[in-house]
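Hi everyone, and thanks for coming. I'd like to walk you through a structure that may be new to you, so please have it up on your screen as we go.

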Amino acid sequence: MTLTIPSAPGSSGYLDMFPERRMSYFGNSYILGLTVTAGIGGLLFGYDTGVISGALLYIKDDFQVVKQSSFLQETIVSMALVGAMLGAAAGGWINDYYGRKKATMFADVVFAAGAIVMAAAPDPYVLIAGRFLVGLGVGVASVTAPVYIAEASPSEVRGSLVSTNVLMITGGQFLSYLINSAFTQVPGTWRWMLGVSGVPAVVQFVLMLFMPESPRWLFMKNRKEEAIQVLTRMYDISRLEDEIDHLSAAEEEEKLRKHTVSYLEVFRSKEMRLAFFAGAGLQAFQQFTGINTVMYYSPTIVQMAGFHSNQLALLLSLIVAAMNAAGTVVGIYFIDHCGRKKLALSSLCGVIISLIILSVSFFKQSDASSDGGLYGWLAVLGLALYIAFFAPGMGPVPWTVNSEIYPQQYRGICGGMSATVNWISNLIVAQTFLSVAEAAGTGVTFLILAGIAVLAAVFVIVFVPETQGLTFSEVEQIWKERAWGNNSGWGSSSESNDMDGLLEQGSQS
């Protein structure tokens, strides 16, 4: 069976020929419901990221040893990242072997167990063990949710739907600050903050019992009848037939390759090396430009700016989290209208400016200030601007791009590897931020992050292709073209011409 790229369902050529088959974000309640249910994994991710920043203020009050040790504070934060790193590394294999649905449910069980351990922790060391369990669950979920959503999404709205998972992440962060504020006057403050996180995991586990497996994973496992049953709930009859033909053709192509993929296989294939470098690079730069520094330590940063009240620090951080969620809503619209690459670059430009403002505010502020003063408020403004620019672009773009740039056979394992890079980068930033800020100064630290953001912009320009509106097959062809050139022998001359059109479309970013 020959796959003609421009007529693949969801491609720009296909939708030009059949505009009535184009789907909108709200066009299918079944797909949207699946997206929101899978996105609860993102909610867990975001809640855990945000809740520890407020809880840490009260953990220090309960455990004097934590208050006296920056290293122990960083370990409480970063142990979840160690778990997430391992969870993400294993998550790719779990996804490919057991499927997206079972991987999600496994993550829920582990996360809920970790929440219980944290809430009951008698000392900081048991708390650290609970953070590790929660991290394992978050790591698996961070791999699974974007891939599950992407594989169930029509390509013309895939970016928006995958970005919904990022909205759930930022919504979870906002929810965590609301929870933090609600429990500030309740006995056992931080135990409630951390224990409540198990509730969404239980809710998602129950909802996933009624959700289908990814149709693309079912096709890959030769369970075609089940896949077709899922697809019939996603597409009308005219497009359904084309989608089934397209998946069948992709399956035939997969059969020509090895059935099992190892980690080394990713690096032996030139086009896969290019794809993984772009995807993993985006994930690394998302963290090294400082986003989770802002989310983990925003109350602490606010206190560094001179606002010493725990309640005021949490309130100002709540505003930052609200802007994060609102910015992601903006990103959901623009990611399928402006494209991934242009959105990332505009986001990074704003991030650079915001980090410079933060740096200047900390350089200028007086150490003697107890009420914040002008430069204290300038620091808060810098935080808010940072989130306003980061959230629509560098928030959703790395996760969206990584959910769509790998072939079906590699999607689970490469998604897991790139998510692991994200968590390793996250761990490095979380484990070093306070120590670097104490050693070099907070102003210098934010200036370093601004320099990294400049490097990130260069990386996006050089290495990341535009994938807006492209099918998985079209994206795969882009990597073949980049790896082997126009005369690589991967396809016929007509396919090469088609490829030129695809690259021209991608370069319009």
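Let me begin with a small puzzle: in which loop does Asn-222 lie? You'll find Asn-222 in the loop between helix H10 (215-220) and helix H11 (224-232). I start there for its backbone: Asn-222 has a positive phi of about 65°, although it is not a glycine. For background, most residues other than glycine have a negative phi. Asn-222 is also exposed, since its relative accessible area is 53%.

Before going further, please keep in mind that this is a predicted model. Now the overall picture. The protein has 509 residues, and 61% of them are buried. Its secondary structure comes to 23 helices and 0 strands. Among contacts with a separation of 6 or more, 83% are between residues 24 or more positions apart. The accessible surface is about 19,000 Å², with 66% of that belonging to carbon and sulfur atoms.

Let's go inside. The largest nonpolar core has 53 residues, and the members that touch the most others are Val-266, Leu-355, Tyr-386 and Tyr-406. Which helix gives the most to this core? That is helix H17, residues 340-364, with 9 residues. There is also a second, separate core of 41 residues, including Ile-59, Phe-63, Ile-76 and Met-193.

Take Val-266 as an example. Setting aside residues up to four places away in sequence, Val-266 touches Met-272, Arg-273, Phe-276, Tyr-410, Ile-413, Cys-414 and Met-417.

A polar residue is worth a look here too. Gln-287 is in helix H14, residues 270-288. Is Gln-287 buried or exposed? Gln-287 counts as buried, because its relative accessibility is 1%, under the 20% cut-off. Apart from neighbours within four places in sequence, Gln-287 is in contact with Asn-292, Asn-422, Ser-425, Asn-426 and Val-429.

Next, charges. Side chains of opposite charge can pair when their charged atoms come close. In this model the count comes to 12 salt bridges, and I'd like to show you a few of them.

First up is Glu-156 with Arg-239, where the closest N and O atoms are 2.7 Å apart. This pair links distant parts of the chain, as Glu-156 sits in the loop between H6 and helix H7 (158-182) and Arg-239 in helix H12 (residues 237-255), 83 residues apart. Both of these partners are buried.

Then there is Glu-404 with Arg-158, again with closest N and O atoms 2.7 Å apart. Here, too, distant parts of the chain are linked: Glu-404 belongs to helix H19 (residues 397-404) and Arg-158 to helix H7, with their positions 246 residues apart. Glu-404 and Arg-158 are both buried.

Now a local pair. Glu-265 and Arg-268 meet in a salt bridge at 3.5 Å, N to O. Both lie in helix H13 (residues 263-268), 3 residues apart, which is about one turn of the helix. How do the two partners differ, buried or exposed? Glu-265 counts as buried at 15% relative accessibility, whereas Arg-268 is exposed, with a relative accessible area of 58%.

Salt bridges can also join up: Asp-96, Arg-100, Glu-151 and Arg-411 are linked in a network of them.

Finally, please turn to the surface. Val-109, Val-202, Phe-205, Val-206, Leu-209 and Phe-210 make a nonpolar patch of about 560 Å². Which helix supplies the largest share of this patch? Helix H9, residues 198-208, does, with 3 residues. Val-109 comes from helix H5, residues 100-119. Val-109 is partly exposed, as its relative accessible area is 49%, over the 30% that a patch residue needs.

And H9 has buried residues as well: Gly-198, Pro-200, Ala-201, Gln-204 and Met-208. Why do we place them on the same side of H9? Because they cover an arc of only 160° around the axis. What do these buried residues pack against? They pack against helix H2 (29-62), H5, helix H6 (124-151) and helix H8 (189-195). So if you look at one helix after this meeting, I'd suggest H9, which gives residues to the nonpolar patch and has buried ones too.

Thanks for listening!

How values were computed
Residues numbered from 1 in each chain as written. Predicted model: local features only at pLDDT ≥ 70, side-chain atom pairs only at ≥ 80, totals over all residues. Heavy atoms only, no water. Patch = residues over 30% accessible without salt bridge, like charges linked within 9 Å, V, L, I, M, F, W, Y side chains within 5 Å. Areas by Shrake-Rupley, 256 points an atom, 1.4 Å probe, with all protein chains shown as cover. Salt bridge = Lys/Arg side-chain N within 4 Å of Asp/Glu carboxyl O. Helix = DSSP H or I, 4+ residues; strand = E, 2+ residues; numbered from the N terminus. Buried < 20%, exposed > 50% of the residue type's maximum accessible area, 1.4 Å probe, protein only. Arc of directions from axis to C-beta. Contact = heavy atoms within 4.5 Å. Core = buried A, V, L, I, M, F, W, Y, C linked by side-chain atoms within 4.5 Å.
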